[in-house]
Amino acid sequence: MQNVKIELRNYIVPSIPMAVMLMLSVVVVWFSDLFIQNTIRVELQNQSELAKLQAFFAANLLLSNIISLLITALNAFIIGQLNNKYTIIRTRSFLPVLFFVLLIASWHDTHIIVISHLALTFILLAFFAIFDVYRNRNASEQSFLSSLLIATASVFIEPLLLYMPLIWIGLILFHSLSFRNLLASILGMLTPWVLFVALKFYYQPNLEWIHTIGESFEFGIPVLGRHINELIYMAILLILSIIGFVGLSSNLNQDSMKTRGLIHFNSLFLILSFVYSMVFVRQFYVFMPFMGVGLAILLAHPLTLRKSNFFSYVFIVFILVNLIFVVSNLIILPK
């Protein structure tokens with residue numbers, strides 16, 4: 001029993017050789033998808049430039065894997081910096097980074113959606129801006145920048161605009177809601193969209209592009225068409241998420257008011273990402289990297305701070321269930 005706890009501490013603050021070994025293992029898992037059948041259908045009905053770009057990445061699997069891996073490495077670095085700077089977890093922990101990269105590596109269908117990983121970079125940078133507004137009712141610059149980054153990402157993936165209420169809720173959670181900050185946030189949201197609409201209207205005055213935007217918000221339940229192994233995997237992740245919420249909540253009173261606000265913000269981000277992936281039929285895999293961020297931080301919090309065998313077992317289950325999911329895809333969906 002004691003050995004399990006010691007090993008978990010080594011994962012929380014690994015040595016440099018251990019961290020390198022873990023990342024190399026993730027890379028091996030990542031490129032296993034070269035032997036797995038791609039199950040994403042690339043639809044080109046609207047013939048938009050973004051759809052054509054997505055089709056290009058879908059047809060060049062190795063290239064899309066390499067680019068997505070590099071962007072994911074950048075996003076993992078940003079996640080680590082977010083935790084270190086703002087102490088979402090009140091001690092240094094490698095687990096958010098490890099969990100995030102393992103999740104993305106295991107979700108092989110997300111590797112061809114390069115735009116989603118790039119959009120996640122914008123969202124994470126927006127978090128840097130909004131986290132800086134804590135107890136500052138005159139943080140108009142940060143409020144504007146956070147909304148600008150999210151709105152810019154939504155120009156490429158329109159449903160990402162639905163993260164805007166999270167910024168406004170964040171102003172409340174961080175005790176920074178004021179007319180000045182709210183107005184700056186709204187202006188930041190409108191700026192890229194005004195430019196986008198103006199350019200679209202100039203180059204496509206027939207307004208067909210409005211129909212394309214509407215298609216991205218098409219409702220449906222995409223998960224119903226997934227394979228049985230994926231449904232079982234998702235059910236286990238849901239159970240682990242519930243355990244993470246319980247473990248986090250029972251330990252929350254030991255965190256500062258600022259950290260509690262950050263944790264609530266991340267939890268809401270995870271819930272919104274899950275809901276959006278479930279209700280927009282064309283966006284199931286688009287929102288998965290976003291869920292990966294929220295889930296990684298959610299699970300890393302109790303596993304880092306709660307010193308018990310139970311959470312050591314949760315760690316082992318999380319690692320194993322992802323590896324088993326990858327192996328099952330290799331068996332069920334071979335090239």
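**A pocket and three helix pairs**

In this predicted model, the second largest pocket has a volume of about 380 Å³. It is lined by 17 residues, and those closest to its centre are Leu237, Leu238, Ser241, Phe274 and Met291. Three helices each give two or more residues to this lining: α11 (228-250), α12 (257-279) and α13 (288-305). The largest share belongs to α11, which supplies 8 residues. Sorted by class, the lining of the second largest pocket comes out as 15 nonpolar residues, 1 polar and 1 charged.

Two of the helices around that pocket also pack against each other. For α11 and α12, the packing angle is about 160 degrees and the axes lie 12 Å apart. Angles over 145 degrees count as roughly antiparallel, so α11 is roughly antiparallel to α12. The two helices cross in a left-handed sense. On the α11 side, the contact is made by Met234, Phe245 and Leu248, and on the α12 side by Ile263, Ser267, Leu270, Ile271 and Met278. By class, that gives 7 nonpolar residues and 1 polar one for the contact of α11 with α12, with no charged residues.

Earlier in the chain sits another pair, helix α4 (residues 61-86) and helix α5 (residues 95-106). Here the angle is about 155 degrees, and the axes are 9 Å apart. Because of that angle, α4 also counts as roughly antiparallel to α5. The crossing of α4 and α5 is right-handed. From α4, the residues making the contact are Thr72, Asn75, Ala76, Ile79 and Gly80, while α5 brings Pro96, Val97, Phe100, Val101 and Ile104. Split by class, the contact of α4 with α5 holds 7 nonpolar and 3 polar residues, and once again no charged ones.

The remaining pair is made up of helix α7 (residues 140-156) and helix α8 (residues 164-173). These two pack at an angle of about 160 degrees, with 10 Å between their axes, and so α7 runs roughly antiparallel to α8. As for handedness, α7 and α8 cross in a right-handed way. Where they touch, Ser143, Ser146, Ser147 and Ile150 of α7 come up against Met164, Ile167 and Leu171 of α8. The contact of α7 with α8 has 4 nonpolar and 3 polar residues, and no charged residues. The polar part of this contact is found in α7, as Ser143, Ser146 and Ser147.

Put side by side, the three pairs look like this: the crossing is left-handed for α11 and α12, but right-handed for α4 with α5 and for α7 with α8.

Key
Residues are numbered from 1 along each chain as its sequence is written. This is a predicted model: local features need pLDDT of at least 70, side-chain atom pairs count only at pLDDT 80 or more; totals for chains, interfaces and linings use all residues. Side-chain values use heavy atoms; hydrogens and water are left out. Axes are lines fitted to C-alpha atoms, for helices over the stretch in contact, and angles run from 0 to 180 degrees between N-to-C directions. Helices (H or I, at least four residues) and strands (E, at least two) are DSSP runs, numbered from the N terminus. Angles under 35 degrees count as roughly parallel, over 145 as roughly antiparallel, 65 to 115 as roughly perpendicular and the rest as oblique. A crossing is left-handed if the near helix is turned anticlockwise from the far one by less than a right angle, and right-handed if clockwise. Contact means heavy atoms within 4.5 Å. On a 1 Å grid over the protein atoms alone, a cavity is a set of points where a 1.4 Å probe fits but cannot get out, and a pocket is an open set with protein on both sides within 12 Å along at least five of seven lines; lining residues have an atom within 4 Å of a point. Grid points are joined across faces, edges and corners, and a volume is the space filled by probe spheres set on the points.
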